[in-house]
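Me: Could you take a close look at one part of this model for me, the nonpolar core, and then walk outward from there to the loops and the surface? I'd enjoy a connected account rather than a list.

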Amino acid sequence: MGQFSGKTVLLTGANRGIGKALLEAFSKEGATVIALVRNAKDESYLNYIKSLQDKYEASVSTHEIELTDNEKLTKLLKEIIKTTPQIDVVINNAGIAYGAPFVMTSQDKLKEVFEVNFFAPVTIMQLMARKMMKQGSGSIINMASVGGIEVNPGYLAYGASKSSLIFATECLSKEVGLYGVRVNAVAPGLIDTSMGHYKNETELNKVIDRTSLRKMGTVDDVVSICLYLASDKAKFITGQTIRVDGGR
């Protein structure tokens, strides 16, 4: 019996990086996971789900969705709410990275990044918060970034979208706390994933050199914080953004 046995977790971006590790971690702890992914037919993802089922008897249902399509996302979420008695944890993990000089960032690219990194999580939070308020319990976790806290050149779209997500996290926490619902954000720094390696080696080393621990983080570093925030151990923690950045 894991600590999340009998609990249901809604997770976006479950097919790679941190999301993939979160999927395994919650499956290992006995949760039923509703995974929202961009490509539900990806062979490596399907094999991974099969391995979790064999290893942990995991209960995972996968829904394919393009987060930029708000109409379809809303329809899917309403169906999930209708058919799922209780949703205990929501993790808005999916996100896209983008870097370009301020004057070279087009409106279209800015909108695309915000659609995935901000507007989709807001839609999910609006609908799931209502369900959790009726339940009288729930934990919402948003995957932010240190890029939404510290300002660096070339990150208008990404940084602004993550900064907005942090503000939304704090705002919602103020509105749903009386209903027993907690809302927090996790802000990873440089993590050893495909997204973490989008910089070239020189740029990566510059970031590592100004990190107190002088190394990249791992997905497990982020997962452990999410497991904690999702659990009753964090029952008095809400409206917070927890940095997992090695001391940047």
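Reply: Happy to; what follows starts in the core and ends at the surface. Please keep in mind that this is a predicted model.

Let's begin inside. The largest nonpolar core has 35 residues, and those touching the most other members are Leu22, Leu23, Phe26, Val60, Ile91, Val186 and Val222. Helices and strands both feed this core: at least two residues each come from the strands β1 (8-12), β2 (32-37), β4 and β5 (138-143), and likewise from the helices α1 (17-28), α2 (43-56) and α7 (219-230). Another core lies apart from this one, with 30 residues, including Leu10, Val116, Ala120 and Leu172.

Valine 222 is a good residue to zoom in on. Once its neighbours within four places in sequence are set aside, valine 222 is in contact with Ile18, Met143, Val186, Pro188, Ile191 and Val244. One of these partners, Val186, is itself listed with Val222 among the core residues that touch the most other members.

From α7 we can step back into the loop that joins α6 (201-209) to α7, where arginine 214 is found. Threonine 211 is in that loop between α6 and α7 too. Threonine 211 counts as buried because its relative accessibility is 3%, under the 20% limit. Leaving aside neighbours within four places in sequence, threonine 211 is in contact with a run of residues: Asp245, Gly246, Gly247 and Arg248. Arginine 214, by contrast, counts as exposed, because its relative accessibility of 51% is over the 50% limit.

The backbone of arginine 214 deserves a look as well: phi is positive, at about 55 degrees, although the residue is not a glycine. Most residues other than glycine have a negative phi. Glutamate 57 also has a positive phi of about 55 degrees without being a glycine. You will find glutamate 57 in the loop between α2 and β3 (59-64), and with 73% relative accessibility it counts as exposed.

Finally, let's go to the surface. Phe102, Val103 and Met104 form a nonpolar patch there, and together they have about 410 Å² of accessible area. Methionine 104 sits in the loop between β4 (89-92) and α4 (107-135). Its relative accessible area is 60%, so methionine 104 is exposed. The strand before that loop takes us back to where we started, as β4 is one of the elements that supply at least two residues of the largest core.

How values were computed: Residues numbered from 1 in each chain as written. Predicted model: local features only at pLDDT ≥ 70, side-chain atom pairs only at ≥ 80, totals over all residues. Heavy atoms only, no water. Patch = residues over 30% accessible without salt bridge, like charges linked within 9 Å, V, L, I, M, F, W, Y side chains within 5 Å. Areas by Shrake-Rupley, 256 points an atom, 1.4 Å probe, with all protein chains shown as cover. Salt bridge = Lys/Arg side-chain N within 4 Å of Asp/Glu carboxyl O. Helix = DSSP H or I, 4+ residues; strand = E, 2+ residues; numbered from the N terminus. Buried < 20%, exposed > 50% of the residue type's maximum accessible area, 1.4 Å probe, protein only. Core = buried A, V, L, I, M, F, W, Y, C linked by side-chain atoms within 4.5 Å. Contact = heavy atoms within 4.5 Å.
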